[in-house]
Amino acid sequence: MFNIRKTVFTKEIITADEMGQVCDQITRVVAMAVVRNPFAGVHQDDLSPLFDVGSQLGGSLTKELLSILAVPAVCYGKAALVGSLGAMEHGAALLHPALGKPVRAAVGGGKSLMPSNHKVGPLGGSVDLPLGHKDDAWSF
């Protein structure tokens, strides 16, 4: 029923702030998955099948991300961009009920809520990925 077509991983290393001043190194890693939406263009009341996909992606993508990082993760976030034939609720169903549990287990923490964003967009659209400290919501 669900086809994970591809995954993409990216790593960003920051060594200077926005003004060009040298700063402590910050490493950000991001995982993206392209998943065929079986509910695109179809009314569907029960979105629970997406919960399992979210859990599967949360576990597998986080494992890969942690292997890319040289140090333990200190923050996290999640986002979904749903194609124009889908509904915003499809992204929410992937992100919220089950994705967070395997992520928290893998990063060894997760006292803070995992910030999230989801939206419907066109092919080539973008989505903002909010980040927050995994254990201290007031750490900026």
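# A tour from a salt bridge to a covered helix

Begin by selecting Glu12, which counts as partly exposed at 38% relative accessibility, and keep in mind throughout the tour that the model on your screen is a predicted one.

Now add Arg28 to the selection, and look at where the two side chains meet: they form a salt bridge, with 3.1 Å from N to O. Side chains of opposite charge can pair when their charged atoms come close. Arg28 is likewise partly exposed, with a relative accessible area of 39%. Because Arg28 belongs to strand E2 (residues 22-35) while Glu12 belongs to strand E1 (residues 4-16), the pair ties together parts that are 16 residues apart in sequence.

Next, display the whole of E1 and E2, and follow how the two strands run antiparallel, joined by 11 bridges. If you select Ile13 in this pair of strands, you will find Thr27 of E2 standing opposite. Then move to the hairpin of E1 and E2, where 5 residues lie between the strands, and pick out Gly20, which takes a positive phi near 90°.

How many salt bridges does a search of the whole structure find? The search gives 2, and to see another one besides that of Arg28 and Glu12, select Lys134 and Asp135, whose side chains meet at 2.7 Å, again counted from N to O. Compare the surroundings of these two residues as you turn the model: Lys134 counts as buried, at 9% relative accessibility, whereas Asp135, at 26%, counts as partly exposed. The two receive these labels because buried means under 20% relative accessible area, and partly exposed lies between that value and 50%.

From here, go to Thr62, which is found in helix H1. Is Thr62 buried or exposed? With a relative accessible area of 8%, Thr62 is buried. Show the residues around Thr62 and, leaving aside its neighbours within four places in sequence, you will see contacts with Leu57, Val103, Ala106 and Val107.

The last stop is helix H2 (residues 88-95), which is mostly covered, since 6 of its 8 residues are buried. To highlight the buried residues of H2, select His90, Gly91, Ala92, Ala93, Leu94 and Leu95. Which elements do these buried residues pack against? Colour helix H1 (48-68), strand E4 (78-82), helix H3 (100-107) and strand E5 (116-120) in turn, and you will have marked the elements against which the buried residues of H2 pack.

Methods: Residues are numbered from 1 along each chain as its sequence is written. This is a predicted model: local features need pLDDT of at least 70, side-chain atom pairs count only at pLDDT 80 or more; totals for chains, interfaces and linings use all residues. Side-chain values use heavy atoms; hydrogens and water are left out. Buried means under 20% relative accessible area, exposed over 50%, partly exposed in between (1.4 Å probe, protein chains only). Helices (H or I, at least four residues) and strands (E, at least two) are DSSP runs, numbered from the N terminus. Contact means heavy atoms within 4.5 Å. A salt bridge is a side-chain nitrogen of Lys or Arg within 4 Å of a carboxyl oxygen of Asp or Glu. Two strands pair if DSSP finds at least two bridges between them.
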